[in-house]
Amino acid sequence: MHERIIILDFGSQYTQLIARRIREAGVYSEIHPCTIGVEDVAAKQPHGLVLSGGPCSIYDDEAPQLDPRFLDLTRPDGAPVPVLGICYGLQAMAHLAGGGVERADRREFGRARIQVVGRGNGHADLFANVPDESTVWMSHGDHLTELPDGYEVIARTENAPVAAVKSHDAPHYGVQFHPEVVHTDFGRQILENFAYEVCGCHGDWTPASFIEEQTQAIREQVGDRHVILGLSGGVDSSVAAALIDRAIGDQLHCIFVNNGVLRKGEWTQVQDTFRGHFHMDLHAVDATGRFLDNLDGVVDPEEKRTIIGNTFIDVFEQETGRITEELGHRPAFLAQGTLYPDVIESVSFKGPSATIKTHHNVGGLPEQLDFELIEPFRELFKDEVRAIGRLLDVPEPIVGRHPFPGPGLAIRILGAVTPERLRLVREADAIFINELRANDLYDEVWQAFAVLLPVQTVGVMGDERTYENVCALRAVTSVDGMTADWAQLPHDFLGHVANRIVNEVPGINRAVYDISSKPPATIEWE
């Protein structure tokens, strides 16, 4: 069993970042709703407990409350389990201990400068190697007005006399700011201090150890049976295929469907990689005509998604039938590249989301297909999957590629999907991506792509009037895709890309650059 830090989610938008920061320190962490039973957490034998922030006031009627027994958890050796409360987590912990929490005169949101109190007296281990006057990120409406008995202040800011606290009687800490966000200069150091200095962890969570453990687990689960996997060419399904192939070899059968809305060269690239590089049993099905016929005349983006998903299921079922005939029996397992954020979303303390995202690498396959599931990455974040993919020798053009939506280019064409409009957006997108790579900008952005707009504009080319299509370029920076800012790419670079697109893609005479952030916009246009 790995060293483990449990995070109780009180509804913060940053909860996933806490888990990622702790894992980056080499310590396994997992998120559970704050409503999880104390006995369930105790059974996991955690080395530490983190209480996340949240949007509520501790006094709201429907505010989630902290079970006081969480503050009395012990390890198998009888030592108390350390606790770190962040923002609302601090307030919930202090409220239970008899402290005062009140609505602040004004909400504090943004950067502040921290001063560590009592450094060197043994009480500032949470702030080891964190310099005074470093920046922390505040985001709260309530604050502590009275410390619980046995607590002391260990850090303050100009506007927050209680920026961090520690209990004298137990290894319980709290911070009013958010160490998990990038705006807190030494936030990663603070969480690492909690894991190592306070919880006593040593760091045994590595991509290499994960590969070895999952390889053995998959072999034991599958035995001499067979597995099918819907391969999209994206990061998640590609790395899952590489890991499962390492475990069971030719017992894995990958199905790659050309839905007609792939990126330029993707149909060939995926086959070359998984047949040539990995020598896998890859069943490539070109169903372009079938998908485009079903999309004919469809404009609504949600209808596009539904049609593409349903058509994929039909094609996948047919190919599964062919594999069954070849083997003489039906494969027992379906492998998916499900990631931890998908799992977290479905167990939020607020209840499952109204619409859980279908996993684009398998097109949202229905339960009636009746397979046992293999989901090796359901405890991992995207960046961890990339690290594992590199160790498994998945080529960088695949393991490092930007996210790509399940409906593909169909939702990067605003309006009807036609072969000609696909040609336009595919060629424009390829120029943009190739130029990002050539100028060492590809890895500087989270996602970049071209969008074909449903308008035409007047232009002049070769002294002749044109009336052709408009292409929008979109590039964003982000940590996890939950929020994003538009990428401030060099103007001369954008001018060069636009010039290439207009000159090399007949049918496009104008290019524009999207400078919207998320929120209020989304990353994709549809």
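# Helix H11 and its surroundings in a predicted model

Colleague: Which helices are included in what covers the buried residues of H11?
Modeller: Cover here rests on contact, that is, heavy atoms within 4.5 Å. Helices (H or I, at least four residues) and strands (E, at least two) are DSSP runs, numbered from the N terminus. The cover of the buried H11 residues includes helix H1 (15-24), H5, helix H6 (235-248) and helix H12 (396-399).

Colleague: What kind of model is this, and how are its residues numbered?
Modeller: It is a predicted model, in which local features need pLDDT of at least 70, side-chain atom pairs count only at pLDDT 80 or more, and totals for chains, interfaces and linings use all residues. Side-chain values use heavy atoms, with hydrogens and water left out, and residues are numbered along each chain, as its sequence is written, from 1.

Colleague: Which residues of H11 are buried?
Modeller: Buried means under 20% relative accessible area, exposed over 50%, and partly exposed in between (1.4 Å probe, protein chains only). Helix H11 covers residues 382-391. Its buried residues are Glu 384, Val 385, Arg 386, Ile 388 and Gly 389.

Colleague: How far apart in space are Ile 211 and Gly 389, C-alpha to C-alpha?
Modeller: Ile 211 is found in helix H5, whereas Gly 389 is one of the buried residues of H11. In sequence the two are 178 residues apart. In space, C-alpha to C-alpha, the distance is 9.7 Å.

Colleague: Is Ile 211 buried or exposed, and which residues is it in contact with?
Modeller: Ile 211 has 4% relative accessibility, so it counts as buried. Neighbours within four places in sequence are left aside. Its contacts are then Leu 243, Arg 246, Ile 388, Leu 391 and Leu 392.

Colleague: Which backbone oxygen does the side chain of Thr 215 reach?
Modeller: Thr 215 lies in helix H5 (residues 207-222). Its relative accessible area is 3%, so Thr 215 is buried. At 2.7 Å, its side chain reaches the backbone oxygen of Ile 211.

Colleague: Leaving aside neighbours within four places in sequence, which residues is Thr 215 in contact with?
Modeller: Ile 211 falls among the neighbours set aside, within four places in sequence. The contacts of Thr 215 are Leu 243, Arg 246 and Ala 247.

Colleague: Which side chain makes a polar contact with the side chain of Asp 236?
Modeller: Asp 236 is found in helix H6. With a relative accessible area of 8%, Asp 236 is buried. A polar contact is a pair of N or O atoms within 3.5 Å; within protein, one must be able to donate a hydrogen and the other to accept it, and residues adjacent in sequence count only if both atoms are side-chain atoms. At 3.1 Å, the partner of Asp 236 is Lys 382.

Colleague: Which residues does Asp 236 touch, not counting those up to four places away in sequence?
Modeller: Lys 382, the polar partner, is among them. So is Val 385, a buried residue of H11. The full list is Gly 337, Leu 339, Phe 377, Lys 382 and Val 385.

Colleague: What is the phi of Asp 393?
Modeller: Asp 393 lies in the loop between H11 and H12. Its relative accessible area is 47%, so Asp 393 is partly exposed. Its phi is positive although it is not a glycine, at about 70°.

Colleague: What is the phi of His 279, and where is this residue found?
Modeller: Most residues other than glycine have a negative phi. His 279 has a positive phi, near 60°. At a relative accessible area of 65%, His 279 is exposed. It is found in the loop between helix H7 (266-277) and strand S12 (281-286).

Colleague: What is omega for the cis peptide bond that joins Pro 519 and Pro 520?
Modeller: Pro 519 lies in the segment after strand S18 (508-513). A cis peptide bond joins Lys 518 and Pro 519, with omega about -15°. For the cis bond between Pro 519 and Pro 520, omega is about 10°.

Colleague: What separates the C-alpha atoms of Asn 439 and Phe 493?
Modeller: Asn 439 is placed in the loop between helix H13 (419-438) and strand S15 (447-461). With a relative accessible area of 39%, Asn 439 is partly exposed. Asn 439 and Phe 493 are 54 residues apart along the chain. Their C-alpha atoms are separated by 8.5 Å.

Colleague: How many helices and strands does the chain have, and what share of its residues is buried?
Modeller: The chain has 14 helices and 18 strands. Of its 526 residues, the buried share is 56%.
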